[in-house]
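Please open the structure in your viewer and keep the selection panel at hand. This tour goes from one selection to the next and says what is to be found at each stop.

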Amino acid sequence: MKIIRLFRMAFDSLRLNRMRSILSTLGIVVGVASLILITSFGYGAQQQILSSINKLGSDAIIVTPGKVNDIRRAFSSVGSTITKPLTYDDVKFLKSEIPGLIATPSLTTARSTVKVGENEISVTVNGVNEDFLTALGYDLSSGRGFTATDVNGYMNYAILGSKIAVDLFGTESPIGKSINLLNTKFYIIGVLLPQGSTMFGSVDRNIFIPITKFITITNTNSLGAIYMKPPQGMSKDVLIALVKTLLMNKHGVENFTISDMAQFADLANTATSILTTALTLIGLIALIVGGIGIMNIMLATVAERTREIGIRKAVGANSRDILLQFLFESIVITVVGGIIGIIIGVVGARLASSLSPTAITPTSIIVGFSVSVAVGVFFGVYPAVKASKLNPVEALRYE
């Protein structure tokens, strides 16, 4: 019953100083909402990266040019001078030596332009083979993928990312229509489902063409990577050993790096966890700033209500009653601010998801609310103790 009475007194006191209470609460609202919103970006990025890795499959491996011992540098040698770079011949060689192997090259241009009528858009062009949908875990929304005949026949076919298809053709189906790309006319045979941003960049704004046609047009044959999945019945470890042996025999030296998805998943987990922790700390700083504001206002409140404290002590209230009265006022401010901040943070994260992936977790909500209450207690103790220690005679004389 005493707790209920203390809460009622706290609400009554805050209601009497409405504007000051609102401003005090606002600091906590902003702090909690910021904490939930910015951590939702960290968790959203983590989920998206892990989702793209899982889409490739835990048995997938990636071969990159250059020999490095640290997976974080696996793609760093792309584009550098390498005596024997990975080429499309390596992909064909491995597929001929390992029956059933799913392997697709990654050969990408810098930004290019695609033109349909007067509509011209900047895009990224990828040279791939008939395995790229299976190897990279992509699905089509319409049309078909490349066949070995398309690739070996140097066909002028193209598959569009979902956003490029909408930008060029709107609501019309692009299947069977043509585009002008790399000064060459290509016919569209397929459109990808939206993939979003993956660990390898945004696929929705990419255009895919047969790698044989790509090499002919650009005169480029130095691959950025080869993505592979083992044949049915073969383990990932056996595939890694086979690929390593075959490529070393072909190149005469181990001038490549083989990485598996488990390594990328661990790396992505570590990187995104660090990012989320850093974002959480930034949000906590905002909450602490809000707490300092509460302490300042509570100190001002104690000074303004010195005579009230003296009267309460004169009629029998002890120091503990005064301490609890002011401490509860501070806690009420942070609890109300925490609840409103959670609501605003969740709504803000939902709205921001159209711009960047976000994810609300129970942990971020619990941490946001718990820290806001802790801030109320921590920054409310000093003003409450100061109020409880006032001498009743001196307090009654206070003007």
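Start by selecting Leu182, which sits in the loop between β6 (178-181) and β7 (184-192). Please bear in mind that what you are viewing is a predicted model. Leu182 is not a glycine, yet its phi is positive, at about 55°. Most residues other than glycine have a negative phi. Leu182 has a relative accessible area of 18%, and it therefore counts as buried, the limit for that class being under 20%.

Add Asn183 to the selection, as this residue too is found in the loop between β6 and β7. Its phi is near 60°, again a positive value in a residue other than glycine. Is Asn183 buried or exposed? With a relative accessible area of 79%, Asn183 is exposed, whereas Leu182 is buried.

**The whole chain**

Now clear the selection and zoom out until the whole protein is in view. Colouring by secondary structure should bring out 13 helices and 12 strands. The C-alpha atoms fill a box of roughly 100 × 50 × 35 Å, taken along the principal axes. The radius of gyration is 32 Å, while a compact globule of 399 residues would have one near 21 Å. Of the 399 residues, 46% are buried, and the protein exposes about 19300 Å², with carbon and sulfur atoms supplying 60% of that area. Among the contacts with a separation of 6 or more, 79% are made by residues 24 or more positions apart.

If you colour by charge, you will find 34 positive and 25 negative charges, whose mean positions lie 9 Å apart.

**Salt bridges**

Side chains of opposite charge can pair when their charged atoms come close. The structure holds eight salt bridges, and the next selections visit some of them.

Select Asp89 and Lys92 and show their side chains, which meet in a salt bridge with an N to O distance of 3.6 Å. The two residues are three apart in helix α3 (residues 88-97), and so they are separated by about one helical turn. An α-helix has 3.6 residues a turn, so residues three or four places apart point the same way. Lys92 counts as partly exposed at 43% relative accessibility, and Asp89, at 43%, is likewise placed in the partly exposed class.

Next select Asp90 together with Lys250, whose side chains form a salt bridge at 2.8 Å, N to O. Which parts of the chain does this pair link? Asp90 belongs to helix α3 and Lys250 to helix α8 (residues 236-251), so that distant parts of the chain, 160 residues apart, are joined by the pair. Asp90 is buried, at 1% relative accessibility, whereas Lys250, at 36%, counts as partly exposed.

For one more salt bridge, select Glu172 and Lys177, where the closest N and O atoms are 2.5 Å apart. Lys177 has a relative accessible area of 29% and is partly exposed.

**Helix α7 and the residue after it**

Select residues 211-218, which make up helix α7, and then pick out its buried residues, namely Ile211, Thr212, Lys213, Phe214 and Ile215. Moving on along the chain, you come to Asn219, which follows α7 and has a positive phi, near 55°.

**Asp139 and its distant partners**

Select Asp139, in the loop between α4 (132-136) and β4 (140-143). At 49% relative accessibility, Asp139 counts as partly exposed. Which residues is Asp139 in contact with, leaving aside its neighbours within four places in sequence? They are Leu192, Leu193 and Gln195. Leu193 is 54 residues from Asp139 along the chain, yet the C-alpha atoms of the two are separated by 5.8 Å.

**Gln325 in helix α11**

For the last stop, select Gln325, whose place is in helix α11 (residues 319-352). With a relative accessible area of 3%, Gln325 is buried. To see what surrounds this residue, show the side chains of Leu6, Met9, Arg305, Glu308 and Arg312, with which Gln325 is in contact when its neighbours within four places in sequence are left aside.

Notes
Residues are numbered from 1 along each chain as its sequence is written. This is a predicted model: local features need pLDDT of at least 70, side-chain atom pairs count only at pLDDT 80 or more; totals for chains, interfaces and linings use all residues. Side-chain values use heavy atoms; hydrogens and water are left out. Helices (H or I, at least four residues) and strands (E, at least two) are DSSP runs, numbered from the N terminus. The radius of gyration is taken over C-alpha atoms; the globule rule is 2.2 Å times the number of residues to the power 0.38. Buried means under 20% relative accessible area, exposed over 50%, partly exposed in between (1.4 Å probe, protein chains only). Contact means heavy atoms within 4.5 Å. Accessible areas come from the Shrake-Rupley method with a 1.4 Å probe; for residues, only the protein chains shown count as cover. Lys and Arg count as positive and Asp and Glu as negative; His and the chain ends are not counted. The place of a charge is taken as NZ of Lys, CZ of Arg, CG of Asp or CD of Glu. A salt bridge is a side-chain nitrogen of Lys or Arg within 4 Å of a carboxyl oxygen of Asp or Glu.
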